[in-house]
Amino acid sequence: DDDARRRRDRRSALFEVDGASVTRSQHSSVEQARLITASLVSSRSTLAADVARVETIRRDLEVDGERIGETLEEHKEGLSVNLQQTRRLLIRMRLQDVWEKYSIMSSFAFFLLVVAYIVLRRLRVVYLLYLAISQLLGATAPLPTPPTAAIAALGGVCADPTGGVCAAPPPLPLNPPPVAAP
């Protein structure tokens, strides 16, 4: 009986905050409960704000991930196009290198042929070969006539217009005389 009454009194005291029947220890217990409740409410609102902030960050990260993926795809496409262009340019450069190599070799061969022709012509080797071949074949070869008309046109002196020895024009002086003004 006594125990039941004490429990009832304690229960009623918990609900009576301003009542005179509240003891000092009960009053401090109620105050602690209010502080704990206020702290829990504050913690709950802080956690709710943190959850909202984390959700915002998660959405931002998701958007950034999509942007990074798109950028990666664009760079892959750009790199593949650049690689194809680079391959084409390298092939073109190799072909140009081969072309230049053959051009230089053929130009040098042509130069050597021209030099050989000029040297052989000056030494009259071509004419001597012509005479030798015509002697071997048994034919008589007519003697070629020098270009007397061309030498005479250039101001040269030709001693024998029928094909004899002709002289080249005289060389120009190194320091020409000054021309008088009219």
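A residue is taken as exposed when its relative accessible area is over 50%, as buried when that value is under 20%, and as partly exposed in between. By this criterion Leu123, with a relative accessible area of 56%, is exposed, and in the predicted model described here the place of Leu123 is in the loop between helices H2 and H3, the latter spanning residues 125-137. Leu123 also belongs to a nonpolar patch on the surface, which it forms together with Phe108, Phe111, Leu112, Val115 and Val119, and the accessible area of these residues together comes to about 570 Å².

The protein chain comprises 4 helices and 2 strands, and from the N terminus on these elements follow the order α-α-α-α-β-β. Of the 182 residues in the chain, 5% are buried. The pLDDT averages 77 over the protein chain, with 66% of the residues scoring at least 70. Among the elements, helix H2 has the highest mean pLDDT, at 90, whereas helix H4, which covers residues 148-153, has the lowest, at 52. Where pLDDT is low, the predicted coordinates should not be read in detail.

Charged side chains were examined next. Side chains of opposite charge can pair when their charged atoms come close. A search of the whole structure finds 6 salt bridges. In one of them, the side chains of Arg5 and Asp2 meet at 3.2 Å, N to O; these two residues are 3 residues apart in helix H1, which runs over residues 2-15, and are therefore separated by about one helical turn. Arg5 is partly exposed, because its relative accessible area of 48% falls between the two cut-offs, and Asp2, at 41% relative accessibility, likewise counts as partly exposed.

In helix H2, a salt bridge joins the side chains of Asp50 and Arg53, with an N to O distance of 3.5 Å, and the two residues lie 3 residues apart, about one turn of the helix. Asp50 has a relative accessibility of 30% and so counts as partly exposed, as does Arg53 on the basis of its value of 49%.

A further salt bridge is formed between the side chains of Arg58 and Glu62, at 3.0 Å, N to O. Because Arg58 and Glu62 are 4 residues apart in helix H2, about one helical turn separates them. Arg58 is partly exposed, with a relative accessibility of 41%, and Glu62 is also partly exposed, with a value of 45%. This pair is part of a wider arrangement, in that Glu55, Arg58, Arg59 and Glu62 are joined into one network by salt bridges that share partners.

A negative patch is also found on the surface, where it is formed by Glu66, Glu70, Glu73, Glu74 and Glu77. One of these residues, Glu70, lies in helix H2, which spans residues 24-122. Helix H2 thus holds Glu70 of the negative patch, as well as the salt-bridged residues Asp50 and Arg53 and the pair Arg58 and Glu62, while Leu123 of the nonpolar patch is placed in the loop between H2 and H3.

Technical notes
Residues are numbered from 1 along each chain as its sequence is written. This is a predicted model: local features need pLDDT of at least 70, side-chain atom pairs count only at pLDDT 80 or more; totals for chains, interfaces and linings use all residues. Side-chain values use heavy atoms; hydrogens and water are left out. Patches are made of residues with over 30% relative accessible area and no salt bridge: like charges are joined within 9 Å, nonpolar side chains (Val, Leu, Ile, Met, Phe, Trp, Tyr) within 5 Å. Accessible areas come from the Shrake-Rupley method with a 1.4 Å probe; for residues, only the protein chains shown count as cover. A salt bridge is a side-chain nitrogen of Lys or Arg within 4 Å of a carboxyl oxygen of Asp or Glu. Lys and Arg count as positive and Asp and Glu as negative; His and the chain ends are not counted. The place of a charge is taken as NZ of Lys, CZ of Arg, CG of Asp or CD of Glu. pLDDT is the predictor's confidence in each residue, from 0 to 100. Buried means under 20% relative accessible area, exposed over 50%, partly exposed in between (1.4 Å probe, protein chains only).
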